[in-house]
Amino acid sequence: MSLANKLAEERRARLAAERLLELKQAELFAANRKLGSHARALSDEIVETRAEVANVRDENMRVKSDLTVAHKKVEIAERRLWHSVETIEDGFAVFDADGEMVAANAAYLSIFDGLEEVEPGVSYIRILQFLTEEGIVNTGDMTAEAWRTMMTERWQSTAPEPIVVELWNEQFIKLVDRRGHGGDIVSLGLNITASVQYERELKEARANAE
(Lines give C-alpha, C1' and ligand atoms only; values in the text may rest on other atoms or scores of the structure.)
Protein backbone atom coordinates (compact mmCIF):
# COMPACT_ATOMS: atom_id res chain seq x y z
CA MET A 1 0.00 0.00 0.00
CA SER A 2 1.30 3.40 -0.97
CA LEU A 3 2.03 6.12 1.55
CA ALA A 4 -0.81 8.22 0.19
CA ASN A 5 -3.29 5.42 0.79
CA LYS A 6 -2.05 4.90 4.33
CA LEU A 7 -2.41 8.59 5.06
CA ALA A 8 -5.90 8.60 3.64
CA GLU A 9 -6.93 5.63 5.77
CA GLU A 10 -5.48 7.22 8.88
CA ARG A 11 -7.35 10.45 8.12
CA ARG A 12 -10.61 8.57 7.61
CA ALA A 13 -10.04 6.64 10.84
CA ARG A 14 -9.28 9.87 12.71
CA LEU A 15 -12.41 11.52 11.32
CA ALA A 16 -14.52 8.51 12.29
CA ALA A 17 -13.03 8.58 15.80
CA GLU A 18 -13.74 12.31 16.08
CA ARG A 19 -17.35 11.82 14.97
CA LEU A 20 -17.76 8.95 17.47
CA LEU A 21 -16.29 11.14 20.21
CA GLU A 22 -18.65 13.97 19.29
CA LEU A 23 -21.57 11.53 19.36
CA LYS A 24 -20.56 10.19 22.77
CA GLN A 25 -20.09 13.73 24.08
CA ALA A 26 -23.57 14.65 22.83
CA GLU A 27 -25.04 11.57 24.50
CA LEU A 28 -23.17 12.36 27.72
CA PHE A 29 -24.39 15.97 27.63
CA ALA A 30 -27.98 14.79 27.13
CA ALA A 31 -27.63 12.29 29.96
CA ASN A 32 -26.19 14.95 32.26
CA ARG A 33 -28.98 17.34 31.37
CA LYS A 34 -31.58 14.66 32.02
CA LEU A 35 -29.89 13.75 35.30
CA GLY A 36 -29.78 17.40 36.31
CA SER A 37 -33.47 17.82 35.52
CA HIS A 38 -34.30 14.71 37.54
CA ALA A 39 -32.13 15.93 40.41
CA ARG A 40 -33.92 19.30 40.46
CA ALA A 41 -37.31 17.57 40.40
CA LEU A 42 -36.21 15.23 43.20
CA SER A 43 -34.90 18.18 45.20
CA ASP A 44 -38.20 20.02 44.79
CA GLU A 45 -40.07 16.90 45.83
CA ILE A 46 -37.88 16.53 48.91
CA VAL A 47 -38.52 20.15 49.85
CA GLU A 48 -42.27 19.68 49.40
CA THR A 49 -42.19 16.45 51.40
CA ARG A 50 -40.27 18.13 54.20
CA ALA A 51 -42.80 20.94 54.23
CA GLU A 52 -45.68 18.42 54.39
CA VAL A 53 -43.94 16.51 57.18
CA ALA A 54 -43.43 19.75 59.08
CA ASN A 55 -47.10 20.64 58.62
CA VAL A 56 -48.21 17.20 59.80
CA ARG A 57 -45.85 17.40 62.78
CA ASP A 58 -47.17 20.84 63.71
CA GLU A 59 -50.74 19.60 63.33
CA ASN A 60 -50.01 16.58 65.52
CA MET A 61 -48.49 18.85 68.14
CA ARG A 62 -51.57 21.07 68.05
CA VAL A 63 -53.86 18.04 68.35
CA LYS A 64 -51.82 16.67 71.26
CA SER A 65 -51.89 20.06 72.92
CA ASP A 66 -55.67 20.32 72.43
CA LEU A 67 -56.16 16.79 73.78
CA THR A 68 -54.00 17.57 76.80
CA VAL A 69 -56.01 20.69 77.54
CA ALA A 70 -59.30 18.80 77.04
CA HIS A 71 -58.09 15.95 79.28
CA LYS A 72 -57.13 18.41 82.01
CA LYS A 73 -60.53 20.09 81.76
CA VAL A 74 -62.23 16.69 82.08
CA GLU A 75 -60.10 15.84 85.12
CA ILE A 76 -60.94 19.18 86.73
CA ALA A 77 -64.64 18.68 85.99
CA GLU A 78 -64.54 15.15 87.43
CA ARG A 79 -62.78 16.36 90.59
CA ARG A 80 -65.30 19.15 91.05
CA LEU A 81 -68.17 16.75 90.49
CA TRP A 82 -66.79 14.24 92.98
CA HIS A 83 -66.07 16.97 95.54
CA SER A 84 -69.70 18.01 95.18
CA VAL A 85 -70.80 14.40 95.67
CA GLU A 86 -68.63 14.15 98.78
CA THR A 87 -70.45 17.11 100.34
CA ILE A 88 -73.82 15.36 99.98
CA GLU A 89 -75.09 14.07 103.32
CA ASP A 90 -76.85 11.15 101.63
CA GLY A 91 -75.05 8.04 100.46
CA PHE A 92 -73.91 7.80 96.84
CA ALA A 93 -72.23 4.85 95.15
CA VAL A 94 -71.65 3.50 91.65
CA PHE A 95 -71.48 -0.21 90.81
CA ASP A 96 -70.44 -1.77 87.51
CA ALA A 97 -72.39 -4.35 85.52
CA ASP A 98 -70.79 -7.16 87.57
CA GLY A 99 -72.08 -5.65 90.81
CA GLU A 100 -68.68 -4.43 92.01
CA MET A 101 -68.33 -1.02 93.63
CA VAL A 102 -66.60 1.55 91.44
CA ALA A 103 -66.79 4.49 93.81
CA ALA A 104 -68.69 5.68 96.88
CA ASN A 105 -68.81 8.86 98.92
CA ALA A 106 -68.08 9.17 102.62
CA ALA A 107 -71.75 9.17 103.60
CA TYR A 108 -72.31 5.81 101.90
CA LEU A 109 -69.23 4.25 103.51
CA SER A 110 -69.88 5.70 106.96
CA ILE A 111 -72.37 2.96 107.98
CA PHE A 112 -69.60 0.40 107.39
CA ASP A 113 -67.18 2.20 109.70
CA GLY A 114 -64.33 -0.11 110.65
CA LEU A 115 -64.93 -2.59 107.81
CA GLU A 116 -61.92 -2.02 105.57
CA GLU A 117 -63.18 -4.49 102.97
CA VAL A 118 -66.03 -2.15 102.03
CA GLU A 119 -64.21 -0.10 99.40
CA PRO A 120 -64.10 0.13 95.59
CA GLY A 121 -63.94 -3.43 94.29
CA VAL A 122 -66.22 -5.00 96.90
CA SER A 123 -69.28 -6.79 95.51
CA TYR A 124 -72.88 -5.84 96.31
CA ILE A 125 -73.50 -9.41 97.54
CA ARG A 126 -70.64 -9.01 100.01
CA ILE A 127 -72.10 -5.70 101.19
CA LEU A 128 -75.41 -7.44 101.94
CA GLN A 129 -73.54 -10.02 103.97
CA PHE A 130 -71.84 -7.31 106.01
CA LEU A 131 -75.19 -5.60 106.63
CA THR A 132 -76.70 -8.73 108.16
CA GLU A 133 -73.66 -10.41 109.72
CA GLU A 134 -72.46 -7.22 111.44
CA GLY A 135 -75.99 -6.33 112.59
CA ILE A 136 -75.94 -3.04 110.67
CA VAL A 137 -79.44 -3.51 109.29
CA ASN A 138 -82.65 -4.53 111.03
CA THR A 139 -84.23 -7.32 108.96
CA GLY A 140 -87.44 -7.30 111.03
CA ASP A 141 -89.37 -10.57 110.87
CA MET A 142 -87.20 -11.88 108.02
CA THR A 143 -84.19 -14.10 108.51
CA ALA A 144 -80.84 -12.71 107.41
CA GLU A 145 -80.71 -15.15 104.50
CA ALA A 146 -84.25 -14.33 103.34
CA TRP A 147 -83.52 -10.60 103.56
CA ARG A 148 -80.35 -10.94 101.47
CA THR A 149 -82.23 -13.03 98.89
CA MET A 150 -84.95 -10.38 98.66
CA MET A 151 -82.40 -7.59 98.27
CA THR A 152 -80.43 -9.55 95.66
CA GLU A 153 -83.52 -10.24 93.54
CA ARG A 154 -84.46 -6.57 93.76
CA TRP A 155 -80.94 -5.54 92.72
CA GLN A 156 -80.92 -7.87 89.73
CA SER A 157 -84.22 -6.58 88.34
CA THR A 158 -84.25 -4.27 85.34
CA ALA A 159 -85.69 -1.36 87.33
CA PRO A 160 -85.26 -1.91 91.09
CA GLU A 161 -88.07 -0.46 93.18
CA PRO A 162 -87.04 1.96 95.97
CA ILE A 163 -86.95 0.31 99.37
CA VAL A 164 -86.60 1.59 102.94
CA VAL A 165 -84.26 -0.18 105.36
CA GLU A 166 -83.79 0.46 109.07
CA LEU A 167 -80.29 0.55 110.52
CA TRP A 168 -79.23 -0.61 113.97
CA ASN A 169 -79.29 2.99 115.28
CA GLU A 170 -82.93 3.52 114.23
CA GLN A 171 -81.91 5.51 111.16
CA PHE A 172 -84.07 4.93 108.11
CA ILE A 173 -82.46 4.84 104.66
CA LYS A 174 -84.39 4.88 101.41
CA LEU A 175 -82.43 3.04 98.74
CA VAL A 176 -82.95 4.32 95.20
CA ASP A 177 -81.05 2.40 92.53
CA ARG A 178 -80.98 3.28 88.84
CA ARG A 179 -79.50 1.03 86.18
CA GLY A 180 -77.67 2.97 83.48
CA HIS A 181 -76.34 2.20 80.02
CA GLY A 182 -74.14 -0.87 79.98
CA GLY A 183 -75.58 -2.26 83.22
CA ASP A 184 -73.91 0.12 85.67
CA ILE A 185 -75.98 1.03 88.73
CA VAL A 186 -76.07 4.33 90.57
CA SER A 187 -77.20 3.79 94.16
CA LEU A 188 -78.52 6.53 96.44
CA GLY A 189 -79.05 6.09 100.17
CA LEU A 190 -81.43 8.86 101.27
CA ASN A 191 -81.71 9.41 105.00
CA ILE A 192 -85.45 9.77 105.64
CA THR A 193 -85.31 9.34 109.43
CA ALA A 194 -86.83 12.77 110.05
CA SER A 195 -89.75 11.99 107.74
CA VAL A 196 -90.37 8.60 109.38
CA GLN A 197 -90.31 10.14 112.85
CA TYR A 198 -92.69 12.87 111.75
CA GLU A 199 -95.12 10.29 110.35
CA ARG A 200 -94.94 8.35 113.61
CA GLU A 201 -95.62 11.47 115.66
CA LEU A 202 -98.49 12.34 113.34
CA LYS A 203 -100.02 8.87 113.76
CA GLU A 204 -99.63 9.09 117.55
CA ALA A 205 -101.29 12.51 117.54
CA ARG A 206 -104.19 11.19 115.49
CA ALA A 207 -104.51 8.16 117.76
CA ASN A 208 -104.56 10.40 120.85
CA ALA A 209 -107.10 12.69 119.22
CA GLU A 210 -109.37 9.75 118.46
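Is Glu-117 buried, partly exposed or exposed, and what is its relative accessible area? The points below take up this residue together with the rest of the chain, and they concern a predicted model.

1. Overall make-up. The protein chain contains five helices and six strands, and from the N terminus its elements follow the order α-β-β-α-α-β-α-β-β-β-α. Of its 210 residues, 20% are buried, and its accessible surface amounts to about 15,600 Å², with 54% of that area belonging to carbon and sulfur atoms. Among contacts with a separation of 6 or more, 28% are made by residues 24 or more positions apart.

2. The salt bridge at Glu-117. The structure holds two salt bridges, and one of them joins Glu-117 to Arg-126, with 3.1 Å between the closest N and O atoms. To return to the opening question, Glu-117 is partly exposed, its relative accessible area being 42%. Arg-126 likewise counts as partly exposed, because its relative accessibility of 24% falls between the 20% and 50% limits of that class.

3. The salt bridge at Asp-177. Here the side chains of Asp-177 and Arg-154 meet at an N to O distance of 2.7 Å. Asp-177 belongs to strand β5 and Arg-154 to helix α4, so the bridge ties together parts of the chain that are 23 residues apart in sequence. Asp-177 counts as buried at 2% relative accessibility, and Arg-154 counts as buried at 9%, so both charged partners fall under the 20% limit for burial.

4. The largest nonpolar core. This core has 24 residues, and the members that touch the most others are Phe-95, Met-101, Tyr-108, Phe-112, Ile-127 and Leu-131. At least two core residues come from each of β1 (91-95), β2 (101-104), α3 (124-133), α4 (144-156), β4 (163-167) and β5 (172-179). Helix α3 gives the largest share, five residues. As general background, nonpolar side chains in soluble globular proteins tend to be buried together. If neighbours within four places in sequence are set aside, Phe-112 is in contact with Val-118, Ile-127, Phe-130, Leu-131 and Ile-136.

5. Helix α3. The buried residues of this helix are Tyr-124, Ile-127, Leu-128, Phe-130, Leu-131 and Thr-132, and they pack against β1, β2, α2 (106-110), β3 and α4. Residues three or four places apart in an α-helix point the same way, because such a helix has 3.6 residues a turn. Just after α3, Gly-135 adopts a positive phi of about 70°.

6. Aromatic pairs. The structure holds five of these. In one of them, Tyr-108 and Phe-112 are tilted, at 6.3 Å centre to centre with 35° between the planes, and both Tyr-108 and Phe-112 are buried. In another, Tyr-124 and Trp-155 are stacked, with 3.7 Å between centres and 10° between the planes. This second pair links distant parts of the chain, since Tyr-124 lies in helix α3 and Trp-155 in helix α4, 31 residues apart. Tyr-124 counts as buried at 6% relative accessibility, and Trp-155 is buried with a relative accessible area of 8%. Phe-95, Tyr-108, Phe-112, Tyr-124 and Trp-155 together form one aromatic cluster.

7. Strand β3 and Val-137. Val-137 lies in strand β3 and is buried, with a relative accessible area of 10%. Its C-alpha atom is separated by 5.5 Å from that of Trp-168, although the two residues are 31 apart along the chain. Without counting neighbours within four places in sequence, Val-137 is in contact with Leu-131, Thr-132, Trp-147, Val-165, Glu-166 and Leu-167.

8. The loop after β3. Thr-139 is found in the loop between β3 (137-138) and α4. At 18% relative accessibility, Thr-139 counts as buried, because the limit for that class is 20%. A polar atom of the Thr-139 side chain lies 2.9 Å from the backbone oxygen of Met-142. Leaving out residues up to four places away in sequence, Thr-139 touches Thr-132 and Trp-147, and both of these also appear among the contacts of Val-137.

Note on methods:
Residues numbered from 1 in each chain as written. Predicted model: local features only at pLDDT ≥ 70, side-chain atom pairs only at ≥ 80, totals over all residues. Heavy atoms only, no water. Core = buried A, V, L, I, M, F, W, Y, C linked by side-chain atoms within 4.5 Å. Buried < 20%, exposed > 50% of the residue type's maximum accessible area, 1.4 Å probe, protein only. Helix = DSSP H or I, 4+ residues; strand = E, 2+ residues; numbered from the N terminus. Contact = heavy atoms within 4.5 Å. Polar contact = N/O pair within 3.5 Å; in protein donor to acceptor, adjacent residues only side chain to side chain. Areas by Shrake-Rupley, 256 points an atom, 1.4 Å probe, with all protein chains shown as cover. Salt bridge = Lys/Arg side-chain N within 4 Å of Asp/Glu carboxyl O. Phe/Tyr/Trp six-rings, centres within 6.5 Å; stacked < 30°, edge-to-face > 60°.
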